[in-house]
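Here is a quick tour of the model on your screen. Keep the sequence beside it as you read.

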Amino acid sequence: MKLYHAPASPFVRKVMVLLHQAGVADRVTLIPASGHPLDPGTMPVDRNPLGKIPALEREDGPTLYDSRVITRYLDETLHARLYPAAPRLWDTLVIEATADGIAEAAVLMRYEMHVRPEPARSPAWAEAQWQKIARALTALEQRWMSHLSGPLDMGQVAVGAALGYLDFRQAERDWRAGHPGLAAWYAAFAARPAMQATAPKA
Ligand code: BEZ
C-alpha cells in the first residue's frame, strides 16, 4: 500500500498512529505529497480528484480518501480494533468528527494567514475558525473526558492529532487555557510511542 503523506498534516497523522498501533507502519510506502486549496501541488488528482491528503493507494481497489474512510478501512483489514462496537461506536465517531473539525479549522487558519495572498487575508475569518475550535475544545472538556480516558480508540487518536497540530501551528493561542482536563489527558496521550513517532514536522 502507498500513503500520500505530509508530515505536518493532522489527518495523515491519524492514519500513521493507527498504522503504528497495529505494528505495520513499515509495510506502507509513504509518498510525499504537497498541496493546498489554491494548488493540488504534487498530490496526483487522478488518485484523489480533490487533491487532498491523506490518500491510500491499494493493490485491490480504488484509492481511498479521506482520513475517516482510510482509518475505517485499515481498522477492519488490520483488525486494529480502534472502532468499538455500537453503542460506544457512536461516541467514538462524534469525538472523531469533533477532533477532525478542530484540525480542519486550524488548517484553514493556516492557509488563510500563510497561503492566501496577503491583501486578501481576513483576520476576522481566521478568528471565526478559532471560535469554532474553542467551542469544540469546550465540548471535549465538558462532555467527553470520561470516554477519552477509556480504552484506546480512533476518537482519542483524532483528538491527539488535532491537539498536536494546535501546538504545532497555533501555539500562541494556548488551547490549554480553560481546558485543564484535556491538557492533562493530552500530556499522557502524547507520550505514547505511536504519537512520539508521528510528531508533526514542517
Ligand atoms: C501544514 O503545513 O500546516 C499542513 C500541511 C499539510 C496538510 C495540512 C497542514
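## The first strands

Which residue in S2 is the bridge partner of leucine 3? In S2, leucine 30 takes that role. Before going further, remember that this is a predicted model, where local features need pLDDT of at least 70, side-chain atom pairs count only at pLDDT 80 or more, and totals for chains, interfaces and linings use all residues. Residues are numbered from 1 along each chain as its sequence is written, and side-chain values use heavy atoms, with hydrogens and water left out.

Strands S1 (residues 2-5) and S2 (residues 29-32) run parallel and are joined by four bridges; two strands count as a pair if DSSP finds at least two bridges between them. Helix H1 (residues 10-21) completes a right-handed β-α-β unit with S1 and S2. Right-handed here means that, with the strands pointing away from the viewer, the path from the first strand over the helix to the second runs clockwise.

## The whole chain

The protein has eight helices and three strands, in the order β-α-β-β-α-α-α-α-α-α-α along the sequence. The radius of gyration is 17 Å, close to the 17 Å that the globule rule gives for 202 residues, so the protein is as compact as a globular protein of that length. That radius is taken over C-alpha atoms, and the rule is 2.2 Å times the number of residues to the power 0.38. Helices (H or I, at least four residues) and strands (E, at least two) are DSSP runs, numbered from the N terminus.

Along the principal axes, the C-alpha atoms fill a box of roughly 45 × 45 × 30 Å. Of the 202 residues, 44% count as buried, where buried means under 20% relative accessible area, exposed over 50%, and partly exposed in between (1.4 Å probe, protein chains only). Of the contacts (heavy atoms within 4.5 Å) between residues at least 6 apart in sequence, 67% join residues at least 24 apart.

## Helix H4 and its two faces

Helix H4 (residues 123-143) has 21 residues and reaches 30 Å from its first C-alpha to its last, close to the expected 30 Å; that expectation is 1.5 Å times one less than the number of residues. Its buried residues are Ala126, Gln129, Trp130, Ile133, Ala136, Leu137, Leu140 and Glu141. Why do they sit on the same side of H4? Because they cover an arc of only 140° around the axis, going by the directions from the helix axis to the C-beta atoms.

What do these buried residues pack against? Their partners are helices H3 (88-114), H5 (145-148), H6 (154-169) and H7 (180-189). On the face turned away from the buried side, H4 carries the exposed residues Ala124, Arg135, Gln142 and Arg143.

## Backbone oddities in the loops

Most residues other than glycine have a negative phi, and most peptide bonds are trans. Here, a cis bond joins tyrosine 65 and aspartate 66, with omega about 0°. Aspartate 66 lies in the loop between strand S3 (55-57) and helix H2 (67-78). Another cis bond runs from alanine 86 to proline 87, with omega near 10°, and proline 87 is in the loop between H2 and H3.

That H2-H3 loop also holds arginine 81, which has a positive phi of about 60° although it is not a glycine. Arginine 81 is exposed, at 70% relative accessible area. Aspartate 174, in the loop between H6 and H7, has a positive phi too, near 50°; at 41% relative accessibility, aspartate 174 is partly exposed.
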